[in-house]
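This briefing describes one protein model, moving from its overall dimensions to its cores and then to individual residues. The sequence and the structure are displayed below.

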Amino acid sequence: MSMVEEHRSPILCIMKLLAPLILVGSGVLFLVFAYYCWEELPNRMAGHFDGSGTPTGRMPKSEFMIGMGITAMSIPLFLTIFLYLMRFLPPKLLHSPHPEYWQKPENFKRACEILLRSSFWFSACFVFWAAGLLGLITA
């Protein structure tokens with residue numbers, strides 16, 4: 001039995017299938033939440049603060065929401081694309097604990113799959129964090 005087969009369990013298989021769905025769902029929920037927060041935001045928002053916390057710059061709420069949306073979507077997208085493309089790089093570029101194991105060609109593919117799946121979960125959490133930040137701003 002190979003190392004990959006030993007670690008297959010029904011829960012891991014379900015989590016592997018759910019990860020991309022949860023990432024897409026978190027993006028959709030962020031957009032819906034941002035739509036409902038729109039009315040709660042003032043027309044001009046503080047966009048820059050000095051060292052004592054006093055607002056020194058203002059921006060329209062449309063610019064703020066565009067910036068929040070770009071941040072909430074582009075960072076997870078960049079991370080996921082980068083970790084997907086990692087499978088096309090030489091295995092010696094993977095720096096991890098026990099590199100002699102993970103850099104072997106037969107284990108490198110699995111390492112890339114684990115990192116990609118982890119990026120889905122991290123990205124979903126990041127999008128939920130951005131929604132939470134937006135919720136704090138409108139509270």
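**Briefing on the predicted model**

H98 is located in the loop between α3 and α4, the latter helix covering 99–102. The model that holds this residue is a predicted one. Its secondary structure amounts to 5 helices and 2 strands, and the order along the sequence is α-α-β-β-α-α-α.

**Overall dimensions and surface**

- The radius of gyration of the protein is 20 Å, whereas a compact globule of 139 residues would have a value near 14 Å.
- The C-alpha trace extends over about 60 × 35 × 25 Å along the principal axes of the protein.
- Of the 139 residues in the protein, 27% are buried.
- The protein has an accessible surface of about 9500 Å², and carbon and sulfur atoms contribute 72% of that area.
- There are 11 positive and 9 negative charges in the protein, and the mean positions of the two sets lie 5 Å apart.
- Among contacts with a separation of 6 or more, 60% join residues that are 24 or more positions apart.

**Nonpolar cores**

- The largest nonpolar core has 13 residues, of which F30, L41, F64, M65, M68 and L134 touch the most other members.
- Helices α2 (10–37), α3 (61–85) and α5 (105–138) each contribute at least two residues to this core.
- A second core, separate from the largest one, has 7 residues, including M86, W102, A111 and C112.
- Leaving aside residues up to four places away in sequence, L134 is in contact with F30, F33, A34, C37, F64, M65 and M68.

**The loop residue H98**

- The phi angle of H98 is near 55°, which is a positive value in a residue other than glycine.
- As a rule, most residues other than glycine have a negative phi.
- H98 has a relative accessible area of 54% and therefore counts as exposed, the cut-off being over 50%.

**Helix α5: W121**

- W121 is part of helix α5.
- The relative accessible area of W121 is 28%, so this residue is classed as partly exposed, between the limits of 20% and 50%.
- Beyond residues up to four places away in sequence, W121 touches M15, A19 and I22.
- W121 and L93 are separated by 28 residues in sequence, and their C-alpha atoms are 23 Å apart in space.

**Helix α5: S123**

- S123 also belongs to helix α5.
- S123 counts as buried because its relative accessibility is 0%, and the class requires a value under 20%.
- The contacts of S123, not counting residues up to four places away in sequence, are with L23, P76, L79 and T80.
- Between S123 and F30 there is a C-alpha to C-alpha distance of 12 Å, at a sequence separation of 93 residues.

**Helix α5: L136**

- L136 is a further residue of helix α5.
- With a relative accessibility of 65%, L136 counts as exposed.
- The C-alpha atoms of L136 and P99 are 42 Å apart, and the two residues are 37 residues apart along the chain.

**Helix α3: S74**

- S74 lies in helix α3.
- S74 is partly exposed, its relative accessible area being 33%.
- S74 and V127 have C-alpha atoms 10.0 Å apart in space, and 53 residues separate them in sequence.

**Points to retain**

- Where does the largest nonpolar core draw at least two residues from each helix? The helices in question are α2, α3 and α5.
- Is S123 buried or exposed? S123 is buried, at 0% relative accessibility.
- Which residues does W121 touch, not counting residues up to four places away in sequence? These are M15, A19 and I22.

Note on methods. Residues are numbered from 1 along each chain as its sequence is written. This is a predicted model: local features need pLDDT of at least 70, side-chain atom pairs count only at pLDDT 80 or more; totals for chains, interfaces and linings use all residues. Side-chain values use heavy atoms; hydrogens and water are left out. Helices (H or I, at least four residues) and strands (E, at least two) are DSSP runs, numbered from the N terminus. The radius of gyration is taken over C-alpha atoms; the globule rule is 2.2 Å times the number of residues to the power 0.38. Buried means under 20% relative accessible area, exposed over 50%, partly exposed in between (1.4 Å probe, protein chains only). Contact means heavy atoms within 4.5 Å. Accessible areas come from the Shrake-Rupley method with a 1.4 Å probe; for residues, only the protein chains shown count as cover. Lys and Arg count as positive and Asp and Glu as negative; His and the chain ends are not counted. The place of a charge is taken as NZ of Lys, CZ of Arg, CG of Asp or CD of Glu. A nonpolar core is a set of buried Ala, Val, Leu, Ile, Met, Phe, Trp, Tyr and Cys residues joined through side-chain atoms within 4.5 Å.
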